[in-house]
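Me: I would like a close look at one part of this model, with each term explained as it comes up. Please then set that part beside some other places in the chain.

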Amino acid sequence: MLNTRTKAGVSALIFAALARPVLGFDLPAPVTDEDYLTVSMSEVTLGQLLFFDPILSGNDNISCSTCHHPKLGTSDGLSLGLGEGGIGLGPSRVADQSNLPEHRVPRNAPALYNLGAHEYTRMFHDGRVEEVDGHLRVPIEDGFFATVSGVLATQAAFPVLSPDEMGGQVSENPLSKAIRKGQFSGPGGGWDLIAAKVAAIPDYEARFKTAYPAIAFGRDIAFADISNALAAFMAFEYRSDHSPFDRYLRGDEAALRDQAKAGMELFYGEAGCAACHSGAFQTDHAFHAMGQPQFGPGKTLIFEQGARDEGRFRVTGQPQDLYAFRTPALRNVTLTSPYGHTGAYADLRDFVVAHLAPSEALMTYDRAQAVLPDLPVEDWEVMNTEADVAAILSAIKVPDRSLPEDQIDALMAFLRALEDNPNRLGVPETVPSGLAFEK
């Protein structure tokens with residue numbers, strides 16, 4: 001077993017003790033190996049192939065990497081993605097006219113950087129998968145979740161069950177039929193069907209036996225093994241902690257240029273960004289209502305009317321959580337456009353300005369900012385409904401403010417100093433299924 005990045009342990013511990021006070025704020029301590037999950041390379045290399053292999057989808061045409069590609073900052077370059085029924089990669093992805101998607105994916109594809117850090121105990125924009133006091137909380141009750149390695153592996157089990165993401169539409173394939181019936185685990189369930197497809201490929205069977213000794217001794221390959229391998233790969237591949245900011249925290253004073261240092265002082269000082277974007281990865285992992293414009297299909301139940309997305313409220317039922325979404329981490333944020341839980345802003349600077357004055361930004365939002373492939377669906381129901389806009393507006397708990405242009409420039413320089421786009425194993429040339437995938 002090994003950590004996700006090999007470093008000089010003694011030096012890392014010394015650097016971890018460093019935390020420089022800046023304008024009354026303490027900078028986070030440098031990240032060390034101890035902050036991350038421990039993984040094995042047999043799991044990691046297996047997970048890499050699974051991550052890029054469309055075999056995990058109902059129609060054998062979509063992989064995890066379709067919406068989380070390293071070329072696109074582990075996201076997809078779209079405000080709201082096209083899963084099933086889409087063709088192509090990133091902003092060039094279009095709807096398949098012979099098999100039109102029924103809906104867009106309802107939320108922006110989040111980046112995957114540093115999800116293998118121990119502090120990541122909540123997944124998805126609304127935190128509906130989370131670890132609380134050592135126990136998993138998930139949207140559905142199923143014994144399957146007792147068999148996965150943790151919260152990251154749990155998260156990896158859900159996209160395959162979404163008809164719009166990877167599952168496929170009703171009656172298109174055995175997986176989509178199982179999803180429609182609510183059969184997720186057990187014989188004939190969605191996870192079981194995918195595991196059977198994977199297990200039927202000799203190369204995968206051999207790799208699973210190497211990664212998980214119990215399989216070598218006769219246990220069947222289960223979807224939990226697939227989830228665990230995917231989690232190991234993401235933890236290893238997308239660990240990002242060698243940016244100029246990281247090097248500065250580890251004692252390299254020259255790693256940050258003057259403008260980036262000024263931005264850092266603003267970020268952790270009078271601009272107040274660190275009130276929410278705190279910690280080693282610039283997130284408090286909490287949920288805040290920041291008045292982001294809403295469009296697309298929303299996140300309502302099948303029997304409900306409208307296209308709202310009420311965020312964390314749908315997990316907790318607490319009124320204070322209405323329209324609140326998780327604080328995004330900012331590592332490699334310069335690579336992960338568009339921004340916001342709906343990807344409402346294509347430009348990072350525009351998003352920063354809007355974030356400073358969320359009420360004004362909501363009321364003056366330019367819909368041309370959204371990156372949405374053509375699809376014959378109604379995208380703007382919420383923004384066209386006065387009551388819905390008023391509800392989003394009323395949930396905002398921070399006042400509007402502004403900063404001078406030179407301070408915005410400095411903040412942008414600091415955000416660029418958080419960039420460290422890891423590419424360890426990279427994109428494989430082929431996958432064991434032999435299926436084509438986006439490179």
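Which word fits G263, buried or exposed, and why?

Reply: G263 counts as buried, because its relative accessibility is 0%, where buried means under 20% relative accessible area, exposed over 50% and partly exposed in between, for a 1.4 Å probe and protein chains only. The model is predicted, so local features need pLDDT of at least 70 and side-chain atom pairs count only at pLDDT 80 or more, while totals for chains, interfaces and linings use all residues. Residues are numbered from 1 along each chain as its sequence is written, and side-chain values use heavy atoms, with hydrogens and water left out.

G263 sits in helix α12, which covers residues 258-268; helices (H or I, at least four residues) and strands (E, at least two) are DSSP runs numbered from the N terminus. When its neighbours within four places in sequence are left aside, G263 is in contact (heavy atoms within 4.5 Å) with A410, L411 and F414. R247, by comparison, is 16 residues away from G263 along the chain, and the C-alpha atoms of the two are separated by 16 Å.

The partners of G263 lead on to helix α17, which spans residues 405-416. The axes of α17 and of helix α14 (residues 348-356) come within 11 Å and cross at roughly 120 degrees; such axes are lines fitted to C-alpha atoms, for helices over the stretch in contact, and the angles run from 0 to 180 degrees between N-to-C directions. α14 and α17 are therefore oblique to each other, since angles under 35 degrees count as roughly parallel, over 145 as roughly antiparallel, 65 to 115 as roughly perpendicular and the rest as oblique. On the α14 side the contact is made by L348, R349, V352, V353 and L356, and on the α17 side by E405, I408, D409, M412 and L415.

A second pair of helices can be set beside this one. Helix α2 (residues 41-52) and helix α8 (residues 202-211) pack with their axes 8 Å apart, at an angle of about 150 degrees, and are therefore roughly antiparallel to each other. Their contact is formed by S42, E43, L46, L49 and L50 of α2, together with Y204, R207, F208, T210 and A211 of α8.

E43 appears again beside another buried residue, N228, which lies in helix α10. N228 counts as buried because its relative accessibility is 10%, and, not counting residues up to four places away in sequence, N228 touches E43, T147, V148, S149, A153 and Y212. Helix α10 itself is mostly covered, with 15 of its 15 residues buried.

Burial is also found in loops. N114, in the loop between β6 (94-95) and β7, is buried with a relative accessible area of 2%, and its phi is positive, about 65 degrees, although N114 is not a glycine. Y323, in the loop between α13 (313-316) and β11, is likewise buried, at 7%, and has a positive phi of about 60 degrees without being a glycine. In the loop between β11 (325-326) and α14 stands P338, which a cis peptide bond joins to S337, with omega at about -5 degrees.
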